[in-house]
Amino acid sequence: MIGAGNANQAASLSPRVFLIDMTRIGDATATGELKSALFAGWPKNALMQLFVADGDRLGVFSNNGERTFANGDGASVSVIEKLARQFDPEVILYRPAPRTAHLHHAAMQLIERLQKPLVTWIMDDWPAALAHQDSAAAAGLERDWRDLLQRSVVRLSISDAMSGAFQRRYGLSFAAVANGVDPADWPEAPRKEDGVLKVRYAGSLAENMTLSSVVMVARAVEQLVDQGVKIKFEIKTREMWRRLAAPHLKDFKNTHMVVADLEPSKYRAWLREADITVIAYNFDTTSKTYIQYSLANKLPECLASGAPLLAVGPSDVATISALDKLDVGVRVTKSSVDEVAIALTQLAKESDRRQRLGAQARRVAFQHFNIFAAREKLAHALYTASRRSACDAVVSSEEPRSVGAHLDETAIVARLLSGRRGRKHVMIDVGAHFGTSASYFEEMGWTIHCFEPDPANRVKLEQRYAGVSAVSIDARAVGDEPKRDVLFYASQESTGISGLSAFRESHEEVGRVDVTTVEEIIRERSISSIDFLKIDVEGFDYAVLKGVPWETIRPDVVECEFEDAKTIPMGHRWRDTAAYLVARDYTVYISEWHPIIRYGIPHDWRRINLFTESTEIPADAWGNLLAFKDDPGFDTVRSAFSSSLRRRNGLRPEAMPVNIQTNAKHAPQPAGAPPAVARPFYAVFGERLKRRSPRLFAMVRLFRRALAAMWRRWFLVAPAAVVFGLIFFAGLAQPDFQSRVLISGGALLFALFAMLCVLGVWAYHRIGLLSAETIALRSELERKISAERANTEEEYRRVRDGLLMRMDGFVRRESDRLKQRLFEHDVSLAKIDKNVSELVSKADEMLFEFNARVRTEAELDHAIAEIEDGLHSLEADLDLARRSETDSKEKIEELQNRIGEQESAIKSMSEERASLQEKVGKLEEYKARLSELSGAEKDAARAEQKKTISDNNLRALQKKYRALAKHSDAQKDRLDEAYAHIKAARQQLESLRRKS
């Protein structure tokens, strides 16, 4: 177990890291919390992050604070670049992800501008998933992703399964860095059981990852509850996932979703209180493509909680297979609700088993998922990357044709094997040409076996190595099986394209050769090992490889040429050759050259690439395959190519003109390339004759080729010519003219006849060969057409099935989305209808209350009239009382003041009554309109009324109504009081009258 001491050691090797990742450190997302755990203890002044802040906005945070930018435009990137340069990172750590266009655009520019060592990090197989879902979007991002991998000095993944799969896919090494736990954060605590089994799941509810399997667990819980098991399912997730999952879980009464960003300690407590924790992954193909190599970030936490883990998902998903390998938790690897229900039932019934599984899970978590080990691994990877130079972290994608790049792959192999010296090391050079390739290894003292069937090339080869005992020269060709007396062709276009097939019109027969195999060579010469097998036989390279006894001997390095234009007529392509070598555990690198313009002139090198299943090159490209039994690594191979690369006139690519034209006469030849051959003197005449009279040109060409064939067989033609000459001159020596004409003329006629016979036999033989070749080509073409038709039909079926599957998934997703929208729409309509009904009901109630208020106002008017009459009578009585009794003045004045106040109140109430009457009129008018409208118009009117009478207006109206009612009640009380005073005053007046 790795403790905090090692964590401190890892922290001491903490370079300044510029982290580019869509999720911010510690933002409560799975990847955000993962980074928070891995970078805990990292010096604050040594970490800077660029992330997606909100939508298209970008954010940057460092020790100096946090800033946000509107988007990833040029101005924003320039400001971010300035901040990054002030931070001065030692390494860039980038985790690319799809659908983050602004972040990715900014990241690619910053990586290019800052020129710092790059580390890439990938946590799920989004390249494969994106290609499955949206091939158009995947194409551009895939190019950038491969370029980033080529630039990276260190590549990180999330699991060992992902590292292995991506190494096979991309041919590059990956290091796995996953989440972990600190044992101190997970103390063991006694399990508390309250009678209800708590099953808890934390994480996303994405349709392409987890949703369907989580719903499966919810269904299983419902089944158990129906069977009498006390159990409930709790899901802690984010709001966006809750909204997505709500329609799928709305009918489950025992499943509850918790939306809360708990702080780490509370989250750990929530997990520890569970009776069962759940990890779930979908079973469909789309989800498996996305998460097949991912290791769940919450897996260590679920294990450390001490609760037994229920894992639901396909067995070939990395998380499930890791649990199977560690033999921890309960695993359900079938898409079956019943299987999940059975697993939950067993765990519910056996509390002792739950405790044993929980204890075992804790031990596995602390032993295999220790956060200190993960931090140390990440720190070591970043520290190692930071020590690399910027030039090691950047790879140019290709050399444009305009720069005229050239190199010799055999010289590069010699450089990579330069540590091997002495006769015990063996090279077999098949297609040795002039011996340039062999010269590199002859200088190192190797034993070299050269095979060159072209007699003209072999003469120069023998002259070059005359007296060199370490180099043996053989006139045989090499193929996949031994043969005798096979036609061999050469061309005046170039000395480097002679071979067993005539793939150019300029090819001519130059003789017949025997064919051997590498297996025979090994047996004949008692070769026990081959360090280097170099093959350059103009299309027959694949055949040479098939003649190697792979079961008994495997060359350390193999170099062979590829060019589909030559090999497709033979039934194979460049990919077949590369795959043949990969199948024999070789790592294959592709040295690709730009398409050939013309033979006999210098060619242009393009790039070096690692062969993988998905590698694509142009159909007209050509070059050499370098296969290594022990892979030296892409960086080593790339460095060797970079050191050997030469450009015309030594110019850099950016310094060369775009449309440079090669002068074939003066252009330098690449090392090891065949020298240019001058065109024959009659070439111009032949081209003119071909344009003017193609038939005459064909006859002349046939006659020239016949003469060339006779010339190549001079050992037969020379004796016949001598005999003819002797007869001819003997005839000329005759004394009489008739004898001279008869003998010399007969000799001439015989010579002409012999030439015509030879020409006819040659033509017949040539026509027979062409006929046989035509028949063979027709048969091969028919076979190819049939195979291509079958492949096309198979590809059509595959593409059709894939499209149908994608369309089915798309239609299903769109249908679910539309159903959800319709459901939400129905809910909204129901709410609106309910609100309108409530508003109408409230309006009716208010109308009733207003009518009652109107009646009350009428009663008030009647009462006021009576009061006014009483007042008139009272005034008369008061006049009498004033004359009769002076003592009642003060009481009468007081009563008049009160009456004045009542009159003011009555006036105010009259104004309020008018306002209320106006509102009642409007409501009655609205009610009348509603009764006249149709159903649809009534709904529209209600909707318009809802807009007009908002909740705030309604509340204000109700408040005002309550105030008016209260005020009216107060006025009523005052009137009652006034009636009482008036009654008392009248009694006093009556008493005064009686006394008077």
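**Cores, strands and ring pairs in the predicted model**

The largest nonpolar core of this predicted model has 107 residues, and those with the most contacts inside it are F39, L93, L156, L299, L303, L382 and F441. A nonpolar core here is a set of buried Ala, Val, Leu, Ile, Met, Phe, Trp, Tyr and Cys residues joined through side-chain atoms within 4.5 Å, where buried means under 20% relative accessible area, exposed over 50% and partly exposed in between, with a 1.4 Å probe and protein chains only. Helix α16 (residues 371-386) provides the largest share of this core, eight residues. Helices (H or I, at least four residues) and strands (E, at least two) are DSSP runs, numbered from the N terminus. Another core, of 34 residues, lies apart from the largest one and includes V426, F451, V518 and V558.

Residues are numbered from 1 along each chain as its sequence is written. Because the model is predicted, local features need pLDDT of at least 70 and side-chain atom pairs count only at pLDDT 80 or more, while totals for chains, interfaces and linings use all residues; side-chain values use heavy atoms, with hydrogens and water left out.

F39 is a helpful place to start looking. Neighbours within four places in sequence aside, F39 is in contact (heavy atoms within 4.5 Å) with L19, I25, L47, L93, L378 and L382. F39 also forms an aromatic pair with W42, edge-to-face, at 5.2 Å centre to centre and 75 degrees between the planes. Both F39 and W42 are buried. Rings of Phe, Tyr and Trp (its six-membered ring) pair if their centres lie within 6.5 Å, and planes under 30 degrees apart count as stacked, over 60 as edge-to-face and the rest as tilted. By this rule there are 17 aromatic pairs. F166 and F174 have ring centres 5.7 Å apart and planes at 70 degrees, so this pair is edge-to-face too. Both F166 and F174 are buried, and ring pairs link them with W126, W145, Y170 and Y293 into a cluster.

Next come the strands, which pair if DSSP finds at least two bridges between them. Strand β2 (residues 47-54) runs antiparallel to strand β3 (residues 57-62), joined by five bridges, with D54 opposite R57. The hairpin of β2 and β3 has two residues between the strands, and G55 takes a positive phi near 65 degrees there. β3 is in turn joined to strand β4 (residues 65-69) by five bridges, again antiparallel, and G59 has T68 as its bridge partner. Two residues make the hairpin connection from β3 to β4.

Strand β13 (residues 309-312) pairs in the parallel sense with strand β12 (residues 276-280) over four bridges and with strand β14 (residues 330-332) over three. T277 stands opposite L309, and A311 has R331 as its bridge partner. In a regular strand the side chains alternate between the two faces of the sheet. Both faces of β13 are covered, with L309 and A311 buried on one side and L310 and V312 buried on the other.

A disulfide is a pair of cysteine sulfur atoms within 2.5 Å, and the count comes to zero. C302 is buried at 2% relative accessible area, and C560 is buried at 0%.

The predictor's confidence in each residue, pLDDT, runs from 0 to 100. Its mean over the protein chain is 79, and 71% of residues reach 70 or more. Residues 1-12 have pLDDT below 50, and residues 649-679 stay under 50. Where pLDDT is low, the predicted coordinates should not be read in detail.
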